[in-house]
Amino acid sequence: MMNLILSIDGVEDEIPISFMTPTILKKILVYCEHYKGCKEEDLPKIEKPLKDDSLEKSVPKFDYDYIIRTADWKFLFDLTHASTYLGVAPLTELCCAYIASKLRGKNNNREVFSIKLFPIV
């Protein structure tokens, strides 16, 4: 993330990150710290579409352990949004793969997201 900020030298506008909570930023920093120093070609690649319902078989152990500790759907979507905004593409792909693995094979997404239907009166 520091590279992102340093690479926009001379820009005086504020970067609007008010939608990111400290918890989200800390989570992103943990991911970035783990892969710090890796060349782009050494970063994990996730095959699309996922070959298996289990994300565990499709990503490195660190990535799997990292993403399954995501608190809830809102946090996961906020993490996806923040990683996209900050340009952390491998994390964005991991988030999207996790979402896809959770939805795969589900016929009724209302159950997954706990959406309640209210009767029409």
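Helices are DSSP runs of H or I with at least four residues, numbered from the N terminus.

**Figure 1. Overview of the predicted model, an all-helix pattern along the chain**. The protein chain has six helices and zero strands, and its order along the sequence reads α-α-α-α-α-α. Of its 121 residues, 29% count as buried, while residues 24 or more positions apart account for 70% of the contacts with a separation of 6 or more.

**Figure 2. Close-up of the salt bridge in helix 3**. Asp-65 and Lys-61 form a salt bridge whose closest N and O atoms are 2.7 Å apart; because the two residues are four positions apart in helix 3, about one helical turn separates them. Asp-65 counts as partly exposed, with 21% relative accessibility, whereas Lys-61, at 63%, counts as exposed.

**Figure 3. Close-up of the salt bridge in helix 4**. The side chains of Asp-78 and Lys-74 meet at 2.7 Å, N to O, and both residues lie in helix 4, four residues apart, which is about one turn of the helix. Here Asp-78 is partly exposed at 25% relative accessibility, and Lys-74 is exposed at 57%.

**Figure 4. Close-up of helix 5 and its packing partners**. Helix 5 covers residues 89–103, and its end C-alpha atoms are 21 Å apart, in agreement with the 21 Å that its 15 residues should span at 1.5 Å a residue. Its buried residues, among them Leu-91, Leu-94, Tyr-98 and Ile-99, pack against helix 2 (22–34), helix 3 (61–68) and helix 4 (73–86). Helix 5 is followed by Gly-105, which has a positive phi, near 80°.

Technical notes:
Residues are numbered from 1 along each chain as its sequence is written. Side-chain values use heavy atoms; hydrogens and water are left out. The expected span of a helix is 1.5 Å times one less than its number of residues. Buried means under 20% relative accessible area, exposed over 50%, partly exposed in between (1.4 Å probe, protein chains only). Contact means heavy atoms within 4.5 Å. A salt bridge is a side-chain nitrogen of Lys or Arg within 4 Å of a carboxyl oxygen of Asp or Glu.
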